[in-house]
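Grab a pencil and work through these short exercises with the model open beside you. Each task comes with a solution that goes step by step.

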Amino acid sequence: DMAALASAALVLIAAFLAAGIATRSRHQKTSTLTAAREEIGKNVHALIEDVCRELDGPVQENPKTAVLVAALAGFLTAPHR
């Protein structure tokens, strides 16, 4: 009876350790992914700002052409989404 109790206690301790390790690794993985998503978001935001600065002058000079190009781009990319 004592051997069964001791082995059950060891299995219970091993299960708690495995659950703790799994929870910790899952938490580290999500924090790493969150940091990567934030970095990618910052990079995309910087790229969009650069494109906006580059296109600001031509769009103000030719607003009708800019709207036409934007509409065509929307129609061409809509089926791919």
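**Exercise 1. Find which residues make the nonpolar surface patch of about 280 Å², and place one of them.**

Step 1: the patch is built from Ile40, Val44 and Ile48. To join a patch, a residue needs over 30% relative accessible area and no salt bridge; nonpolar side chains (Val, Leu, Ile, Met, Phe, Trp, Tyr) are linked within 5 Å, and like charges within 9 Å. Areas here are Shrake-Rupley values with a 1.4 Å probe, and for residues only the protein chains shown count as cover.

Step 2: look up Ile40, which sits in helix α1, residues 2-61. Helices are DSSP runs of H or I with at least four residues, strands are E runs of at least two, and both are numbered from the N terminus.

Step 3: Ile40 counts as exposed because its relative accessibility is 55%. The cut-offs are under 20% for buried, over 50% for exposed, and partly exposed in between (1.4 Å probe, protein chains only).

Before going on, keep in mind that this is a predicted model: local features need pLDDT of at least 70, side-chain atom pairs count only at pLDDT 80 or more, and totals for chains, interfaces and linings use all residues. Residues are numbered from 1 along each chain as its sequence is written, and side-chain values use heavy atoms, with hydrogens and water left out.

**Exercise 2. Work out which residues the salt bridges join into one network.**

Step 1: the structure has 2 salt bridges, each being a side-chain nitrogen of Lys or Arg within 4 Å of a carboxyl oxygen of Asp or Glu. Side chains of opposite charge can pair when their charged atoms come close.

Step 2: take Arg53 and Glu49, whose side chains bridge at 4.0 Å, N to O. Both belong to helix α1, 4 residues apart, or about one turn of the helix. Arg53 is exposed at 56% relative accessible area, while Glu49 is partly exposed at 37%.

Step 3: now pair Arg53 with Asp50, where the closest N and O atoms are 3.0 Å apart. These two also lie in helix α1, 3 residues apart, again about one turn. Asp50 comes out as partly exposed, since its relative accessibility is 36%. Shared partners therefore tie Glu49, Asp50 and Arg53 into one network.

**Exercise 3. Decide how the chain's radius of gyration relates to that of a compact globule of 81 residues.**

Step 1: a compact globule of 81 residues would come in near 12 Å, but this chain has 28 Å. The radius is taken over C-alpha atoms, and the globule rule is 2.2 Å times the number of residues to the power 0.38.

Step 2: check the box, which for the C-alpha atoms is roughly 90 × 25 × 10 Å along the principal axes.

Step 3: add the fold count and the burial: 2 helices and 0 strands, with 0% of the 81 residues buried.
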